[in-house]
4 protein chains.
Amino acid sequence: MDAAALGAFLARDFPQVSGEFTVDSVAPMQAVIRLSPSDRHLRPGGTVSGPTLFALADLAIYLALLAIIGPEALAVTTNASIDFMRKPASGRDLLAEARLLKLGRVLAVGDVLIRSEGEAEPVARAALTYSIPPARQAGLG
Amino acid sequence: MDAAALGAFLARDFPQVSGEFTVDSVAPMQAVIRLSPSDRHLRPGGTVSGPTLFALADLAIYLALLAIIGPEALAVTTNASIDFMRKPASGRDLLAEARLLKLGRVLAVGDVLIRSEGEAEPVARAALTYSIPPARQAGLG
Amino acid sequence: MDAAALGAFLARDFPQVSGEFTVDSVAPMQAVIRLSPSDRHLRPGGTVSGPTLFALADLAIYLALLAIIGPEALAVTTNASIDFMRKPASGRDLLAEARLLKLGRVLAVGDVLIRSEGEAEPVARAALTYSIPPARQAGLG
Amino acid sequence: MDAAALGAFLARDFPQVSGEFTVDSVAPMQAVIRLSPSDRHLRPGGTVSGPTLFALADLAIYLALLAIIGPEALAVTTNASIDFMRKPASGRDLLAEARLLKLGRVLAVGDVLIRSEGEAEPVARAALTYSIPPARQAGLG
């Protein structure tokens, strides 16, 4: 799946978040996802909420995975760890750069850096593990 | 702060989530927070989304912390790890039981189990770390 | 497997650590493992090293798992998160209380609290995930 | 501190592990640490033990940090998350590439990829947080 196909998948299966989260680019084992924060993502003080950053990290790695194994695969997140390191720059989009580090028979692992657009220093980092269901495993065999 | 005071804090400072997340009980170093899932928390198949479970875990430990150090403290989440273990029972509230394991000068650490109401087996577990800002540290001194 | 059987397994398969790590007690989905720190576990200042605490947490959940699925299962650790919260009390044994939170077809998840013997406040907490190989999965079916 | 200075620090303050763990290279906010596994790092089947990989990841980020803030700083690990993804290649050294993602007043965060020398795919990834004590914080001010 390329960026357009992932975007169409997002619009169809995640109507609640599409329009906010968009696919910037996709490459083998990689994806860059963009979030344009709106009021409902913000906490007092203008920072982006932790659950929003978590959702962005989760989606970025998930889409990098689906780009390879296809959208019909019902991969589910089994584990996540995340470090919140800096407040995002005010009024900027957030970019999540995800890479898959392992794509195994039953588990996939990826990590992600989230930055405010145009900034070098990361806002957050995360690593997530996905469980790939048996039907898909067979397909991968 | 008792459960009523925490509930009032939630309604005032987190108007976007109050009404969904409610304070069931508070005790020293502990809190139980309830989520009544609505459509916007659900994924296809009826499961509660990962970001929603993350938000519930984060809020439960945060409120256990604020009950002790007070709502004016601007504690921020610095790290979280979470395991998603089972699909929640359909149509049930989720209960997050949080306990603080450390309340230090600059860092607080807690963990949480999330269960569907009436079920013994947990849906998710998480551990989170909060950084406590210097003004509050002075107050704790 | 009871505590004696797990101890015998430890002596046979982990000769490098048996004698240091001992099985205090085992119950369904639970295990308590003891470490009597020696010089090679200590860092300057008398604290127990992070890798030693990691090894203790890993072993405690692993043995709680093997007590149920049997020692021939080649379960491997796939993920771990750990918080180091307090310096251990000097000259005391460390006790790791592990509980299994999930024992699935392909994944098992547990968490653990490590305390200095006789102390209420934990030294560290950890959560670990184990992958259970297919041969064993069949056996569990 | 350059690679030679870090190596000397390692030999003096960590005599138990120096000789096994060596400093390959250091750059601003980065370090590459090498482990030549010996029998005591191995598990049945020839795989390197989890605690050994944890120790390697911890040391790599720690040395990247000390290279900047100096060896007298008593930084301590407060949190670690690690994914074990592949069995190391037999008979090869392991290389841990660490990068600091944040060096704040009280907390430093870094992540690391561990590979068998000459292999592209990682054996493990980890992220660790260190608490920097107040004396050093003053020095950083």
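Two residues are in contact here when heavy atoms of theirs lie within 4.5 Å, and by that rule 21 residues of chain B touch 21 residues of chain A. This is a predicted model, in which local features need pLDDT of at least 70 and side-chain atom pairs count only at pLDDT 80 or more, while totals for chains, interfaces and linings use all residues. Residues are numbered from 1 along each chain as its sequence is written, chains are lettered from A and ligands numbered from 1 in the order in which they are written, and side-chain values use heavy atoms, with hydrogens and water left out.

**Chain B against chain A**

The size of an interface is often given as the accessible area lost when the parts come together. Buried area is that loss, taken with a 1.4 Å probe and summed over both parts; for chain B and chain A it is about 1,600 Å², with carbon and sulfur atoms giving 53%. Of the area that chain B buries against chain A, 29% is supplied by Pro51(B), Phe54(B) and Phe84(B), more than by any other three residues.

The rule finds 0 salt bridges across this interface, a salt bridge being a side-chain nitrogen of Lys or Arg within 4 Å of a carboxyl oxygen of Asp or Glu. There are, however, 8 residue pairs in polar contact, both residues at pLDDT 80 or more. A polar contact is a pair of N or O atoms within 3.5 Å; within protein, one must be able to donate a hydrogen and the other to accept it, and residues adjacent in sequence count only if both atoms are side-chain atoms.

Helices (H or I, at least four residues) and strands (E, at least two) are DSSP runs, numbered from the N terminus. Helix H2 (50-69) and strand S3 (76-84) of chain B are the elements that give two or more residues to the side touching chain A, and S3(B) gives the most, with 8 residues. S3 of chain A and S3(B) run antiparallel and are joined by 5 bridges, where pairing requires at least two bridges found by DSSP; Asp83(A) stands opposite Asn79(B).

**Chain D against chain C**

| Item | Chain D and chain C |
|---|---|
| Contact residues | 21 residues from chain D, 21 residues from chain C |
| Buried area | about 1,600 Å², 52% on carbon and sulfur atoms |
| Salt bridges | 0 salt bridges |
| Polar contacts | 8 residue pairs (both at pLDDT 80 or more) |

In this interface, 5 bridges join S3 of chain C to S3(D), and the two strands run antiparallel.

Key
Buried area = accessible area lost by both parts, 1.4 Å probe.
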